[in-house]
Amino acid sequence: MALRDLRPAGEWSPLGRGWAGWARGSHSPFPSCLSGSKTRKIPYPTKNPFTWLFLLVSCPNYTYEVGSWIGFAIMTQCLPVALFSLVGFIQMTIWAKGKHRSYLKEFRDYPPLRMPIVPFLL
């Protein structure tokens with residue numbers, strides 16, 4: 001009997017969870033980039049569900065990118081990928097904080113509950 005046979009029915013394997021996270025994250029940044037770039041107005045969500053993260057964060061494209069790398073790290077269960085995800089998260093957090101600061105300076109009525117990259121946290 002293989003170890004995977006001992007898992008309860010309906011439980012996702014790390015490969016399945018990782019693939020789901022990667023797929024969600026890798027297909028999400030494009031619409032959020034379009035709605036927030038090349039405009040000099042406050043980015044707000046549209047009817048596109050991938051832009052709804054604009055309700056909570058200033059840079060949802062970075063949030064989706066980090067989610068994609070975390071999903072890939074879970075899927076591959078590879079330490080170098082996990083370390084790359086961590087370094088990428090740190091770098092994107094720096095970029096997101098800078099962009100968030102510029103939004104706060106440029107727009108006086110910028111939504112106060114938005115965070116730079118991680119909803120309700122960072």
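A residue counts as buried when its relative accessible area is under 20%. The views below are all taken from a predicted model.

**Figure 1. Ser85 in helix α4.**
S85 is placed in helix α4. S85 has 8% relative accessibility, and because this falls under 20% it counts as buried. Apart from neighbours within four places in sequence, the residues in contact with S85 are W69, I70 and A73. S85 is also one of the buried residues of α4, a set that further includes V81, G88 and M92.

**Figure 2. The whole chain.**
The protein contains 4 helices and 0 strands, and the order of elements from the N terminus is α-α-α-α. Of the 122 residues in the protein, 34% are buried. The accessible surface is about 8200 Å², and carbon and sulfur atoms account for 69% of that area. When contacts between residues at least 6 apart in sequence are taken, 62% of them join residues at least 24 apart.

**Figure 3. Confidence along the chain.**
The mean pLDDT of the protein is 79, and 67% of the residues reach at least 70. Among the elements, helix α2 (residues 29–36) has the lowest mean pLDDT, 50, whereas α4 has the highest, 93. Where pLDDT is low, the predicted coordinates should not be read in detail.

**Figure 4. Helix α4 from end to end.**
Helix α4 covers residues 79–106, which is 28 residues. At 1.5 Å a residue the helix should span 40 Å, and its end C-alpha atoms are 40 Å apart, so the model agrees with the expected span. The buried residues of α4 are V81, S85, G88, M92, T93, A96, H100 and Y103.

**Figure 5. The segment listed as a transmembrane region.**
An unreviewed UniProt entry lists residues 69–95 as "transmembrane region". In the model, residues 69–95 are 93% helix and 0% strand. The C-alpha atoms at the two ends of this segment are 17 Å apart. The loop between α3 and α4 holds Q77.

**Figure 6. The Tyr62 and Trp95 ring pair.**
The whole structure holds 6 aromatic pairs. One of them is formed by Y62 and W95, with 5.9 Å centre to centre and 45 degrees between the planes, a tilted arrangement. This pair links distant parts of the chain, with Y62 in helix α3 (residues 60–76) and W95 in helix α4, 33 residues apart. Y62 has a relative accessible area of 17% and is therefore buried. W95, at 46%, is partly exposed.

**Figure 7. The Trp69 and Phe72 ring pair.**
W69 and F72 make an edge-to-face aromatic pair, with 5.8 Å between the centres and 90 degrees between the planes. Both residues belong to helix α3, and because they are 3 residues apart they are separated by about one helical turn. W69 is partly exposed at 28% relative accessibility. F72 is likewise partly exposed, with a relative accessible area of 28%. Ring pairs join W69, F72 and F84 into a cluster. W69 is also among the contacts of S85.

**Figure 8. His100 and its surroundings.**
H100 lies in helix α4. Its relative accessible area is 11%, so H100 is buried. Leaving out neighbours within four places in sequence, H100 is in contact with S58, Y110, R114, M115 and P116.

**Figure 9. Gln77 in the loop between α3 and α4.**
Most residues other than glycine have a negative phi. Q77 is not a glycine, yet its phi is positive, at about 50 degrees. Q77 is located in the loop between α3 and α4. With a relative accessible area of 57%, Q77 is exposed.

**Figure 10. Phe120 in the segment after α4.**
F120 is found in the segment that follows α4. Its phi is positive, near 65 degrees, in a residue other than glycine. F120 has a relative accessible area of 70% and is exposed.

Note on methods: Residues are numbered from 1 along each chain as its sequence is written. This is a predicted model: local features need pLDDT of at least 70, side-chain atom pairs count only at pLDDT 80 or more; totals for chains, interfaces and linings use all residues. Side-chain values use heavy atoms; hydrogens and water are left out. UniProt positions are given in the numbering used here, feature names are shortened, and annotations may be inferred rather than shown by experiment. The expected span of a helix is 1.5 Å times one less than its number of residues. Buried means under 20% relative accessible area, exposed over 50%, partly exposed in between (1.4 Å probe, protein chains only). pLDDT is the predictor's confidence in each residue, from 0 to 100. Contact means heavy atoms within 4.5 Å. Rings of Phe, Tyr and Trp (its six-membered ring) pair if their centres lie within 6.5 Å; planes under 30 degrees apart count as stacked, over 60 as edge-to-face and the rest as tilted. Accessible areas come from the Shrake-Rupley method with a 1.4 Å probe; for residues, only the protein chains shown count as cover.
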